[in-house]
Amino acid sequence: MIFATDAANNEARSYDHIEVRPLAGALGAEVFGPGGAHLDVTRLGDDALAEVRQASVDHLVVFFRDQSLDLDSFSSFASGWGPYGDDPFVDGLESHPHVVKVVKEADEKVPLVFGGAWHSDWSFQAEPPAFTILYGHDVPDHGGDTLWANLYLAAQHLSPGLRSTLAGLRAVHSPQKAYGAQATHNELVENMAIRYGEDAHLRRAQPILRRHPDSGRTALFVNWGYTESIEGWWPDESRALLDHLFDVSQHPAYTCRFRWRPGSIAVWDNRCTLHNPIADYAGQRREMWRITVRGEEPIPAEHP
């Protein structure tokens, strides 16, 4: 089976207030000021923000370098993307409840990281996050990169026959594997307070083929972290098909990789991407600030 895309898939358009530089052929772009100048996200005017939002629709995940944010300015930037989301199982900061500090200390005993698997944030919610915004407050000098995957390309990769089969089907999403009472692997994330078992039994069926409300494109909306079965199918049938869909959605040809530096920001669209933080920096400290932006009820794709 051949997996491929081309550079035109992630081509940048011209803007008046920003410059966009694609990161890979599949998705992802860094955003600068005109002519490649530094862009201060705390000083974005309405026109520049509108162009940044368009870039996020085109490239699915956008990145900003060399920012200097405190919790207030980070929160202000995030609020320009929509209302704050609801983050279950992890607590926000006391001073800024919508900000989750994702931290791994240098002296932790095991290399596992929070969220360390391919997933779309909180896909089991009735209105999963539209966006997640992550700020690199303290990052390792090497390691700790993050991967993203393009779920539009994953949907396009499937045969017409399989897309027709998936049209109208729903997959069951659940936090059980990650946050259920038996999810002891997360106890190895030593410096984050994670609440296991609270409402982890809840399940929600979401359309497997999802239409994006802004682009109108169809994305494959399943992920290894939270999708557990196909509604109305036997477990062995679900497992076989979902394993194939996971393999397609995570293929390297449909991904980009971002190397963090202090002051970097990533804004990604959970409705059409997966992401996966890489656990390769044990012995170094990493602290990220994270905000989710509330989305809408997933819209089934009308045509396969």
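The legends below accompany close-up views of a predicted model.

**View 1. The open sheet and its two edge strands.** In this predicted model, seven strands form an open sheet in the order β1-β2-β3-β13-β5-β15-β4, and their pairing is mixed. The edges are taken by β1 (19–22) and β4 (100–104), each of which has a single partner strand, so one side of each is left without a neighbour in the sheet. Averaged over the sheet and with direction ignored, neighbouring strands are turned by 25° against each other. Strands of a sheet pair through backbone hydrogen bonds, in either a parallel or an antiparallel manner.

**View 2. The pairing of β4 with β15.** The edge strand β4 is joined to β15 (residues 286–293) by five bridges, and the two strands run antiparallel. Within this pairing, V102 stands opposite M288 of β15.

**View 3. Helix α1 on the sheet, with the loop that follows.** Helix α1 (residues 46–59) packs on the sheet, where it touches β1, β2 (29–32), β3 (61–64) and β5, and its direction makes about 130° with that of β3. In the loop between α1 and β3 lies L60, a residue other than glycine whose phi is nevertheless positive, near 75°. L60 counts as buried because its relative accessibility is 2%, the cut-off for burial being under 20%.

**View 4. Helix α2 and the loop leading into it.** Helix α2 (residues 71–79) lies across β3, β5, β13 (265–269) and β15, running at about 35° to β15. Its buried residues are L71, S73, F74, S75, F77 and A78, and what covers them includes β3, β5, β13 and β15. At the start of the helix, a side-chain oxygen of D70 reaches to within 3.2 Å of the backbone nitrogen of D72. The loop between β3 and α2 also holds D66, which has a positive phi of about 60° although it is not a glycine. With a relative accessibility of 45%, D66 counts as partly exposed.

**View 5. Two cysteines, C256 and C272, without a disulfide.** A disulfide is a covalent bond between the sulfur atoms of two cysteines. The structure holds zero disulfides, and for C256, which is in none, the nearest cysteine sulfur is that of C272, 12 Å away. Seen from C272, the closest cysteine sulfur is in C256, and the 12 Å between them is too far for a bond, because a disulfide requires the two sulfur atoms to be within 2.5 Å. Both residues are nonetheless buried, C256 with a relative accessible area of 3% and C272 with one of 2%.

**View 6. The surroundings of S238 in helix α6.** S238 has its place in helix α6 (residues 235–249), and with a relative accessible area of 2% this residue is buried. When its neighbours within four places in sequence are left aside, S238 is in contact with S229, I230 and W233.

**View 7. D141 in the loop between β5 and β6.** D141 is placed in the loop between β5 (131–138) and β6 (146–150), and its relative accessibility of 66% makes it count as exposed. The side chain of D141 makes a polar contact with the side chain of H142, at 2.5 Å. D141 and Y281 are 140 residues apart in sequence, while their C-alpha atoms are 9.1 Å apart in space.

How values were computed: Residues are numbered from 1 along each chain as its sequence is written. This is a predicted model: local features need pLDDT of at least 70, side-chain atom pairs count only at pLDDT 80 or more; totals for chains, interfaces and linings use all residues. Side-chain values use heavy atoms; hydrogens and water are left out. Helices (H or I, at least four residues) and strands (E, at least two) are DSSP runs, numbered from the N terminus. Buried means under 20% relative accessible area, exposed over 50%, partly exposed in between (1.4 Å probe, protein chains only). Contact means heavy atoms within 4.5 Å. A polar contact is a pair of N or O atoms within 3.5 Å; within protein, one must be able to donate a hydrogen and the other to accept it, and residues adjacent in sequence count only if both atoms are side-chain atoms. Two strands pair if DSSP finds at least two bridges between them. Axes are lines fitted to C-alpha atoms, for helices over the stretch in contact, and angles run from 0 to 180 degrees between N-to-C directions.
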